[in-house]
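Work through the exercises below with the sequence and the 3D view open. Try each task before reading its solution.

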Amino acid sequence: MRTGLGKLADAVGGGLFMAMFVVFLVQITARFAFNRPLPWTDEAAVVLYVWVILWAAAFIVPEREHVVFDLLWNGAGRRGRQLMRVAGNGMVGVLAALAIPASWDYVRFMGRESTPVLGVPFLWVFLPFVALLLALVVRSAWNVWRALRGQGLQADALTPQAAAELPQ
């Protein structure tokens with residue numbers, strides 16, 4: 001169950017996706033119904049797409065839905081899973097933390113430029129990337145803390161019945 005902040009993140013992500021969908025519909029209608037393409041819709045759709053993807057990766061998609069190596073995880077013992085969790089999250093967290101200053105400098109630098117049609121400063125276009133890096137640092141630190149306490153280390157191996165139900 002999602003907390004208050006999780007519900008807010010879901011609402012923002014849903015709003016961003018809805019805005020992208022509406023822009024897409026306007027774009028299709030203008031282009032094919034009225035034969036008058038609108039340049040701003042292409043740009044708005046791209047900017048919203050960047051925001052939707054980065055926002056979802058940072059705040060909405062649960063850790064279980066990210067790419068993992070289940071074969072190694074499920075084959076390891078509890079201590080091995082603990083080491084993998086600490087090492088993997090430690091690497092992701094440290095690398096994201098190291099990337100924040102340079103990424104923020106670049107995003108801030110790009111604030112001088114703006115999108116060609118809408119005139120949105122690129123700072124606002126790429127800001128969710130910095131938010132993603134910050135979220136990765138926090139999420140990784142939390143996962144390392146949990147792993148050191150012995151939490152979240154269960155194997156997720158499929159039962160024979162669940163494996164039989166998978167499409168062939």
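**Exercise 1: Elements of the chain**

Task: List the elements in order from the N terminus on, and state how many helices and strands there are.

Solution. Start with the order: from the N terminus on, the elements run α-α-α-α-α-α. Next, count them: the chain has six helices and zero strands. Keep in mind that the model is predicted.

**Exercise 2: Overall dimensions**

Task: Compare the radius of gyration of the chain with that of a compact globule of 168 residues.

Solution. Step one is the reference value, which is near 15 Å for a compact globule of 168 residues. Step two is the value of the chain itself, 21 Å. For the extent in space, take the C-alpha trace, which spans about 60 × 45 × 30 Å along its principal axes.

**Exercise 3: Surface and contacts**

Task: Describe how much of the chain is buried, what its accessible surface consists of, and how its contacts are spread along the sequence.

Solution. Begin with burial: 27% of the 168 residues count as buried. Then take the accessible surface, about 11500 Å², of which 71% belongs to carbon and sulfur atoms. Finally, consider contacts between residues at least 6 apart in sequence: 68% of these join residues at least 24 apart.

**Exercise 4: Two residues in helices**

Task: Decide whether Ser103 and Gln27 are buried or exposed, and find their contacts beyond four places in sequence.

Solution. Ser103 lies in helix α4, which covers residues 78–110. Buried means a relative accessible area under 20%. Ser103 has 14%, so this residue is buried. Its side chain reaches the backbone oxygen of Ala99 at 2.8 Å. With neighbours within four places in sequence left aside, Ser103 is in contact with Phe129, Val130 and Leu133.

Gln27 is part of helix α1, residues 4–33. The relative accessible area of Gln27 is 12%, so Gln27 is buried as well. Under the same exclusion of neighbours within four places, Gln27 is in contact with Thr41 and Asp42.

**Exercise 5: A residue in a loop**

Task: Locate Asn35, classify it as buried or exposed, and state the sign of its phi angle.

Solution. First, the location: Asn35 lies in the loop between α1 and α2, the latter being residues 39–60. Second, the accessibility: exposed means over 50%. Asn35 has 64% relative accessibility and therefore counts as exposed. Third, the angle: phi of Asn35 is near 55°, a positive value in a residue other than glycine.

Technical notes
Residues numbered from 1 in each chain as written. Predicted model: local features only at pLDDT ≥ 70, side-chain atom pairs only at ≥ 80, totals over all residues. Heavy atoms only, no water. Helix = DSSP H or I, 4+ residues; strand = E, 2+ residues; numbered from the N terminus. Rg over C-alpha atoms; globule rule 2.2 N^0.38 Å. Buried < 20%, exposed > 50% of the residue type's maximum accessible area, 1.4 Å probe, protein only. Contact = heavy atoms within 4.5 Å. Areas by Shrake-Rupley, 256 points an atom, 1.4 Å probe, with all protein chains shown as cover. Polar contact = N/O pair within 3.5 Å; in protein donor to acceptor, adjacent residues only side chain to side chain.
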